[in-house]
Amino acid sequence: MARGGNKLTKLKSSVLKKWQSFSKLGRSNANAIAAANHSSDDEENDSKHLYPVYVGKSRRRYLISSTVADHPLFRELTDRSGGADIVTVGCEVVMFEHLLWMLENADPEPESLDELVEFYAY
């Protein structure tokens, strides 16, 4: 088990480095990320079918689509993070952005969900 954890740590580190350099080039996730700031009202978000999610220790706010919110991987991450009234995700912000990209561009296989949850969670 220690070997598998070490591989996941190395993979996570590699993904973080690549994603950070990629995210500097600009982002365009029209379906998943509508905004990452606090300028929108929650009532306005509901009318557009976007839902606020707070990510990481910094509690960065994202507005996600119902497609992302309903995905089994996303639901498992939020279940692990707890929080009854506020939807939170316990993972690094950069990893969350990678997760959103992956959910939009490459739907993960159901049999790998447990492994992916371990990868993205704190």
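Helix α5 (residues 93-105) lies across β1, β2 and β3, and its direction is about 10° from that of β2. This is a predicted model. α5 also gives the largest share of the largest nonpolar core, with seven residues.

**The sheet under α5**
- Three strands make up an open sheet with mixed pairing, in the order β2-β1-β3.
- β2 (60-65) and β3 (88-89) sit at the edges with a single partner strand each, so one side of each has no neighbour in the sheet.
- β1 (residues 50-55) and β3 run parallel and are joined by two bridges.
- Looking for a way into that pairing? Y54 has T88 in β3 as its bridge partner.

**The core**
- The largest nonpolar core counts 24 residues, and I64 and F96 have the most contacts inside it.
- Two or more residues each come from β1, β2, α3 (66-69), α4 (72-81), α5 and α6.
- F96 is worth clicking on: leaving aside residues up to four places away in sequence, F96 touches V53, V55, Y62, I64, F74, V89 and C91.
- So I64 turns up twice, as a contact of F96 and, alongside F96, as one of the residues with the most contacts inside the core.

**Helix α6**
- α6 covers residues 113-120, and its buried residues are L113, L116, V117, F119 and Y120.
- Those buried residues lie on the same side of α6, because they cover an arc of only 160° around the axis.
- D114 and E115 are exposed, on the face of α6 turned away from the buried side.

Methods: Residues are numbered from 1 along each chain as its sequence is written. This is a predicted model: local features need pLDDT of at least 70, side-chain atom pairs count only at pLDDT 80 or more; totals for chains, interfaces and linings use all residues. Side-chain values use heavy atoms; hydrogens and water are left out. Two strands pair if DSSP finds at least two bridges between them. Helices (H or I, at least four residues) and strands (E, at least two) are DSSP runs, numbered from the N terminus. Contact means heavy atoms within 4.5 Å. Axes are lines fitted to C-alpha atoms, for helices over the stretch in contact, and angles run from 0 to 180 degrees between N-to-C directions. Buried means under 20% relative accessible area, exposed over 50%, partly exposed in between (1.4 Å probe, protein chains only). The arc is that of the directions from the helix axis to the C-beta atoms. A nonpolar core is a set of buried Ala, Val, Leu, Ile, Met, Phe, Trp, Tyr and Cys residues joined through side-chain atoms within 4.5 Å.
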